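Subject: Structure for you to look over

Dear colleague,

Please find below the structure that I promised to pass on. My notes on it follow, arranged so that you can read them beside the model.

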Amino acid sequence: METTHILLAVLILVVLYVIYSFNRLISMRNMADKAYSNIDTLLQKRFDLVPNLVNTVKGYMEHERELLEAVTRARTEWLNASNIKENAGADQTAERAIKSLFAVSENYPDLKANQNFMMLQEELTGIENKIAYARQRYNRTVMAINTAVQRFPTNLIARLFKFQTREYFAVESDQARSAPQINMQGGDNK
Amino acid sequence: MMDPIYGRIASNKRKTFFLFLLYAVLFVLIGYFIGIYIGDPIVGIILAALIFIILFLISYFSGQSVVTKMAGAREVSKQQEPFLYNTVEAMSIASGKPMPKIFIIETEVPNAFAAGRNPQNSIIAVTRGLMNRLNRQELEGVIAHEMAHIHNYDVLLATVAIVLAGTIVFVSVIARRMIFFGGMGRGGRRGGQGQIIMLIVLIVVAILAPIFAQLLKFAISRQREYMADATAANFTGYPEGLASALEKITDQQVKNSPIENKALEGLYIVNPALGARSGNRASVLFATHPPAEERVKRLRAM
């Protein structure tokens, strides 16, 4: 009698733990999905501004054709991207291209005085920044999911309900974090 | 990081409830005394309860607009302030919280505060001087600190405490005027009654004053500021932004600035009364905020 009670108590505890872990995995998965769609929306916004940026800058920066092409190429790369890795690659290309474009724009006072360019610069710097944070948030969520999926004993529950590890969006390296920092000089005109 | 914050949220909600209860008891008590004076305690109690329910509704549902009006803040759109809007949106993304409404206070003194009842209904107000002095990362640090207050439900408690304290002060001012008016206008025959009212008000004020002092401390403790700083650093992943912002704005508080308001001072990221009290060592004991140097030190150590 004693032992059946103990066994029953243990069983109930195990079931409760499974339910708790399952719900936690589900909410983490939803958080990751939301974070990913955040990145997606922001990338869309950024690349929607690219043709506008190229048109505004074209007249001023005759000698920087390569830079403009790099920005447009990043957009094409993104349009053709079909998975996280390709998306992240296009994101990095675009980030670098736009950053160097703004850096070079410092040498063109006429361009810097252009109202449309000023607006685009604030908008794009803002978006670059938001993308960096969206990436950070997504990668943190992915890390939490991966830890839960790999660690004992949640790995058993994850296997039972077919939760899988997720891919990071690029690498959250020092390089990625420093992106808005370098933009500061240009975007800090307020 | 997760669990202490959830504990804090629950504790803040509990404290808000307790605060309301305390105010309710006070109101009913005052109503009871006034009721005795006018000859029917029950009427007094019912009246007090009604007034309290109205106050409760105002402070809970429109506390944030009361606070923004008190601070002289005005709402701005993305078109009006793209830099500020983009920064707040970035912090909303970083924290995974809904976007608060954005307000600006037109003064050169750099400061900021948040108010509201929950993350879905909240505001962040910054001064023009803050925007002019900080770069994007520093502003991000400040906004992240305010988002942290919203996220931890510190703002619910602070907003409610401020509105309730404000209304009681308002009521006491009216009562004092009534005594003054009654005393001047009539005197003589009704002088006895006026004295009784005076006595009641004096007793009430004597009871309330220390309680309010305590409540404001209760609502805005220093621990909350450290906590919000830590949460902000977690949101941005870059504690230096907030540290540098704190250094820049602490010394910039000036005496008699438009944002120097006793009721609101605990709400701001840096105490606006610092300008008036600078150099006064004793003030640290009664401060609503920990000293900025200590906050900066802790941020840099992260």
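In which sense do E1(B) and strand E2 (residues 101–105) of chain B pair, and over how many bridges? The two strands are antiparallel, and three bridges hold the pairing; strands count as paired if DSSP finds at least two bridges between them, and the elements themselves are DSSP runs numbered from the N terminus, with helices (H or I) of at least four residues and strands (E) of at least two.

Before going further, please note that this is a predicted model, in which local features need pLDDT of at least 70 and side-chain atom pairs count only at pLDDT 80 or more, while totals for chains, interfaces and linings use all residues. Residues are numbered from 1 along each chain as its sequence is written, and chains are lettered from A and ligands numbered from 1 in the order in which they are written.

The sheet of chain B

The pair E1(B) and E2(B) belongs to an open sheet of four strands in chain B, which follow the order E1-E2-E4-E3 with mixed pairing. Strand E1 (73–75) and strand E3 (112–118) of chain B are its edges, each pairing on one side only. On average, neighbouring strands are turned by 25° against each other, direction ignored; for such angles, axes are lines fitted to C-alpha atoms (for helices over the stretch in contact), and the values run from 0 to 180 degrees between N-to-C directions. Within the antiparallel pair, B:Arg74 faces B:Ile104 of E2(B). E2(B) also pairs with E4(B), here in the parallel sense and over five bridges, and B:Ile105 has B:Thr127 in E4(B) as its bridge partner.

Two helices are in contact with this sheet, where contact requires the C-beta atoms of two residues, placed from the backbone, to lie within 7 Å. Helix H2 (residues 41–71) of chain B touches E1, E2, E3 and strand E4 (121–127) of chain B, and its direction makes about 165° with that of E3(B). Helix H5 (residues 136–151) of chain B lies across E3 and E4 of chain B and runs at about 25° to E3(B).

Helix packing and the core

H5(B) also packs against helix H9 (residues 239–250) of chain B, at an angle of about 95° and with the axes 7 Å apart. The two helices are therefore roughly perpendicular to each other, a term that covers angles of 65 to 115 degrees. Among the residues that meet there are B:Gly141, B:Val142 and B:His145 in H5(B) and B:Leu242, B:Ala245 and B:Lys248 in H9(B). The residues of this contact comprise four nonpolar, five polar and three charged, where Ala, Val, Leu, Ile, Met, Phe, Trp, Tyr, Cys and Pro count as nonpolar, Asp, Glu, Lys and Arg as charged, and the others, Gly among them, as polar.

Leaving aside its neighbours within four places in sequence, B:Val142 is in contact with residues including B:Ala112, B:Leu130, B:Leu242 and B:Ile269. B:Val142 is also one of the residues that touch the most other members of the largest nonpolar core, a group of 95 residues in which A:Ile39 and A:Val71 share that distinction. Such a core is a set of buried Ala, Val, Leu, Ile, Met, Phe, Trp, Tyr and Cys residues joined through C-beta atoms within 7 Å; a residue is buried if 20 or more other C-beta atoms lie within 10 Å of its own, exposed if 12 or fewer, and partly exposed in between.

The two chains

Chain A has eight helices and zero strands, and 28% of its 190 residues count as buried. Chain B comes to twelve helices and four strands, and 40% of its 302 residues count as buried.

Backbone details to check

A cis peptide bond, with omega about 0°, joins A:Phe152 and A:Pro153, and A:Pro153 sits in the loop between helix H5 (115–150) and helix H6 (154–160) of chain A. A:Lys162 is not a glycine, yet has a positive phi of about 60°; A:Lys162 lies in the loop between H6 and helix H7 (174–177) of chain A and counts as exposed, because it has 6 C-beta neighbours inside 10 Å. B:Tyr153, also not a glycine, has a positive phi of about 65° and lies in the loop between H5 and helix H6 (154–185) of chain B, but it counts as buried, because it has 22 C-beta neighbours inside 10 Å.

With best wishes

Technical notes: Parallel < 35°, antiparallel > 145°, perpendicular 65-115°, else oblique.
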